[in-house]
Amino acid sequence: MLQPWLGGSLCRIVERLPIKKETAMTIWFSAPDITAMNKAMENTACSNLGIEVTEVGDDWVKGTMPADPRTFQPIGLVHGGANVLFAETLGSMAANLCLDNSKEYAVGQEINANHLRGVRSGTLTGVAKIVHRGRTSQVWEIRIYNDEEKLSCISRLTMAVIPAR
């Protein structure tokens with residue numbers, strides 16, 4: 001692929017150089033299993049609100065939550081608490097994927113959310129991405145979008161890493 005910032009002949013020379021492609025590095029302790037993640041949410045607040053994990057990338061977890069009466073406040077908008085539950089679910093799932101859960105777990109320590117756009121229908125899509133991964137804590141940013149891919153809520157979740165019992 002030609003790079004617009006390179007001159008014509010230099011660009012052709014660069015294209016012929018044997019360049020080793022970077023391989024993606026995953027942050028997960030073991031291979032994520034979306035089916036198992038969704039099964040773990042059965043009969044919890046997550047399943048009652050219709051939350052599902054849909055995709056996992058090298059450093060992110062994506063999921064959906066319906067905008068329907070289960071997640072609405074009385075005036076017909078998605079409840080801010082439902083957004084927070086959705087955000088914490090995605091961030092917590094992601095945080096624990098980074099750890100050897102036979103030795104340690106990540107548990108929620110603090111969460112905040114800015115609700116930027118009301119949602120009355122459709123499906124919300126959330127993406128949790130790592131901001132900081134330390135020995136005793138993790139910080140995740142969760143962005144929630146409406147069906148038009150407009151940002152509806154942004155949340156930051158701090159997870160404490162504790163020993164398994």
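The side chains of Asp68 and Arg70 form a salt bridge with an N to O distance of 2.8 Å, where a salt bridge is a side-chain nitrogen of Lys or Arg within 4 Å of a carboxyl oxygen of Asp or Glu. Asp68 is buried at 18% relative accessible area, whereas Arg70 is partly exposed at 43%; buried means under 20% relative accessible area, exposed over 50%, and partly exposed in between, with a 1.4 Å probe and protein chains only.

The model is predicted, so local features need pLDDT of at least 70 and side-chain atom pairs count only at pLDDT 80 or more, while totals for chains, interfaces and linings use all residues. Residues are numbered from 1 along each chain as its sequence is written, and side-chain values use heavy atoms, with hydrogens and water left out.

**Salt bridges**

A search of the whole structure finds seven salt bridges. Among them are the pair described above and the two that follow in the table.

| Salt bridge | N to O distance | Citation |
|---|---|---|
| Asp68 and Arg70 | 2.8 Å | salt bridge |
| Lys62 and Glu55 | 3.5 Å | salt bridge |
| Glu148 and Lys150 | 3.8 Å | salt bridge |

In the pair of Lys62 and Glu55, Lys62 is partly exposed with a relative accessible area of 23%, and Glu55 is also partly exposed, at 35%. In the remaining tabulated pair, Glu148 is exposed at 57% relative accessible area, while Lys150 is partly exposed at 38%.

**Nonpolar surface patch**

Tyr105, Val107 and Ile162 make a nonpolar surface patch of about 230 Å². Patches consist of residues with over 30% relative accessible area and no salt bridge, like charges being joined within 9 Å and nonpolar side chains (Val, Leu, Ile, Met, Phe, Trp, Tyr) within 5 Å. Accessible areas come from the Shrake-Rupley method with a 1.4 Å probe. Ile162 lies in strand E6, residues 151-163; strands are DSSP runs of at least two residues (E), numbered from the N terminus. Ile162 is partly exposed, with a relative accessible area of 35%.

**Confidence**

The protein chain has an average pLDDT of 90, and 85% of the residues score at least 70; pLDDT is the predictor's confidence in each residue, from 0 to 100. Over residues 1-11 the pLDDT is below 50, and this stretch has six contacts in the model beyond near neighbours in sequence, a contact being heavy atoms within 4.5 Å. Residues 17-22 also stay under 50 in pLDDT, and the model has one contact for them beyond four places in sequence. Where pLDDT is low, the predicted coordinates should not be read in detail.

How values were computed:
Helices (H or I, at least four residues) and strands (E, at least two) are DSSP runs, numbered from the N terminus.
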